[in-house]
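Here is a walk through one protein model, written for someone who would rather look at side chains than read a methods section. Keep the viewer open and follow along.

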Amino acid sequence: MTRFAAALAALCLAAAGTTAVVAAGPATAAPACQVGYRVNQWQTGFTAEITVTNGATALTSWALTWHYAGNQAVTSAWNATVRQSGAAVTAESLSYNAALPAGGTVSFGVQGTYSGTNAEPADFALNGVACGDTTPPVTTTPTTPTTPTTTPTTTTTAPPPAGCADAAFCDDFEQQTGSVPAGRWTVGAANCQGTGTVTVDSAVAHSGTRSVKVSSPGGYCNHAFFGTSVPGSGVLYGRFWVRHTTRLPAAHVTFMALRDTADGGRDLRAGGQNQALQWNRESDDATLPAQSPAGVAQSVPLPTGTWSCFEFEIDGAAGQLRTWLGSAEVPGLVVDGVPTPDVDQQWLGRAWHPAVTDLRLGWESYGTDPDTLWFDDVALGNSRIGC
């Protein structure tokens, strides 16, 4: 409990978000519970990782309640069943994390939207007993609020995929119930609208039962993407699993784009050319690696008919970039600040310190090349997430 008291005394506002700890004040008996509430937020949304430390009474099931002071609205959750009625929120245990021993901890997370301020809750209660109160929580089965002001919405998901505990968000699309991605995701095609499509697919998935499918018959106007805001700032790590049907073509294609506000709002793009993976800078069409035979040899193809784990790191302050495929770093997809012929010499021809604000996944061909892709288990954070 010492670390929670220390955290309360030194609330830290970091680039990744705000961490607050609600703990008991001085008391002669152990408090019923303590709650750590770690927030990552951006302009209109947030995620919160919530850690509950139980007091001296073991529980066979639990429910944590709190109220939001503003207009925060929970849109999804992991490791708990979360219901919201007006400002009141209830998070209930699932079968695999219901048992909470004396002094034990459990963590779950929520994603939501807000406008204005996003103050942390200050009235957490575990099974009806205020955290900080020395009265032991009751061990009965949790119930939902009895006087809702609006219809409660259950926002349950399966546990996040392995390796996502420290991600700002991690989405396996299991909570998607419509035909197109919704919630944190928006679907669109910039500049011109063709016949490319983005759909939620329940027939193909890397984990669980759902993924997002992008289909394009080729040609620029048939591009299609789904995207979300990038939470926080600082060094950005990304990870997603991708599966596609047609090998990367000789012509230039893109399957991921990130808007770079430090480059006039133009895109930083990942895709392929000459049948190998590459990065491309929209503003000046620089490529990584250089599209010479020696440069292309420093990259690798994207396998077809199987799931591949694609990871990246973007360090805007240092002007550096790293890329992994299947956990192996790709030598030709590295910007390390030291110009290397056939790799990043062209890229470093001018100063580059990206500041990306969104992530879009899909397909864009600058030739006539079609493809069908599936994306799953997408994660973003401030440390490497891994496969």
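R360 and D267 form a salt bridge, with their closest N and O atoms 2.6 Å apart. Bear in mind that this is a predicted model. R360 sits in strand 25 and D267 in strand 19, so the pair ties together parts that are 93 residues apart in sequence. Are the two partners buried or exposed? R360 has a relative accessible area of 16%, so it is buried. D267 comes in at 12% relative accessibility and counts as buried because the cut-off is under 20%. The pair isn't on its own, either: salt bridges that share partners join R259, D267, D358 and R360 into one network.

The whole structure holds 12 salt bridges. Here are three of them, side by side.

| Arg partner | Asp partner | Closest N and O atoms |
|---|---|---|
| R360 | D267 | 2.6 Å |
| R350 | D263 | 3.3 Å |
| R184 | D171 | 2.5 Å |

Now take the middle row, where R350 forms a salt bridge with D263. R350 is in the loop between strand 24 (328-329) and strand 25 (358-365), while D263 is in the loop between strand 18 (253-260) and strand 19 (266-273), so this pair ties together parts that are 87 residues apart in sequence. How does burial look here? R350 is partly exposed, with a relative accessible area of 31%. D263, at 13% relative accessibility, counts as buried.

The last row pairs R184 with D171 at 2.5 Å. It links distant parts of the chain, 13 residues apart: D171 is in strand 12, and R184 is in the loop between strand 12 and strand 13. Both residues are buried.

D171 deserves a second look. Strand 12, where D171 lies, covers residues 169-171. With 1% relative accessibility, D171 counts as buried because that value is under 20%. What does its side chain reach? It gets to the backbone nitrogen of F173 at 2.8 Å, and it also makes a polar contact with the side chain of R184 (2.5 Å). Leaving aside neighbours within four places in sequence, D171 is in contact with R184, W185, D377 and V378.

Back to strands 19 and 25, which belong to an open sheet of seven strands. The order across that sheet is 13-16-25-18-19-20-21, with antiparallel pairing. Which strands form its edges? They are strand 13 (186-188) and strand 21 (286-288), each pairing on one side only. From one strand to the next, the twist averages 25°. At one end of the order, strand 20 (residues 276-281) is joined to strand 21 by three bridges, and the two run antiparallel. To find the spot in the viewer, look for R281, which stands opposite A286 in strand 21.

There is another open sheet, this one of five strands in the order 7-8-5-10-11, again with antiparallel pairing. Its edges are strand 7 (81-85) and strand 11 (129-130), each of which pairs on one side only. Strand 7 and strand 8 (residues 88-92) pair in the antiparallel sense over five bridges. A handy marker here is S85, whose bridge partner in strand 8 is A88.

Strand 9 (residues 105-113) is worth a stop as well. Nine bridges join strand 4 (residues 45-54) to strand 9, and the two run antiparallel. In that pairing, I50 stands opposite F108. Strand 6 (residues 73-78) is also antiparallel to strand 9, joined by five bridges, with V74 standing opposite G112.

What about the nonpolar side? In soluble globular proteins, nonpolar side chains tend to be buried together. The largest nonpolar core has 43 residues, and the members that touch the most others are F240, F255, M256, W279, F310 and F312. M256 is a good one to click on: not counting residues up to four places away in sequence, it touches F240, L268, R269, A270, W279, F310, F312, L359, R360 and L361. R360, the salt-bridge partner of D267, is thus among the residues that M256 touches. A second, separate core has 27 residues, including I50, V52, L126 and C131.

Notes
Residues numbered from 1 in each chain as written. Predicted model: local features only at pLDDT ≥ 70, side-chain atom pairs only at ≥ 80, totals over all residues. Heavy atoms only, no water. Pairing = 2+ DSSP bridges. Helix = DSSP H or I, 4+ residues; strand = E, 2+ residues; numbered from the N terminus. Axes fitted to C-alpha atoms, helices over the stretch in contact; angles between N-to-C directions. Core = buried A, V, L, I, M, F, W, Y, C linked by side-chain atoms within 4.5 Å. Buried < 20%, exposed > 50% of the residue type's maximum accessible area, 1.4 Å probe, protein only. Contact = heavy atoms within 4.5 Å. Polar contact = N/O pair within 3.5 Å; in protein donor to acceptor, adjacent residues only side chain to side chain. Salt bridge = Lys/Arg side-chain N within 4 Å of Asp/Glu carboxyl O.
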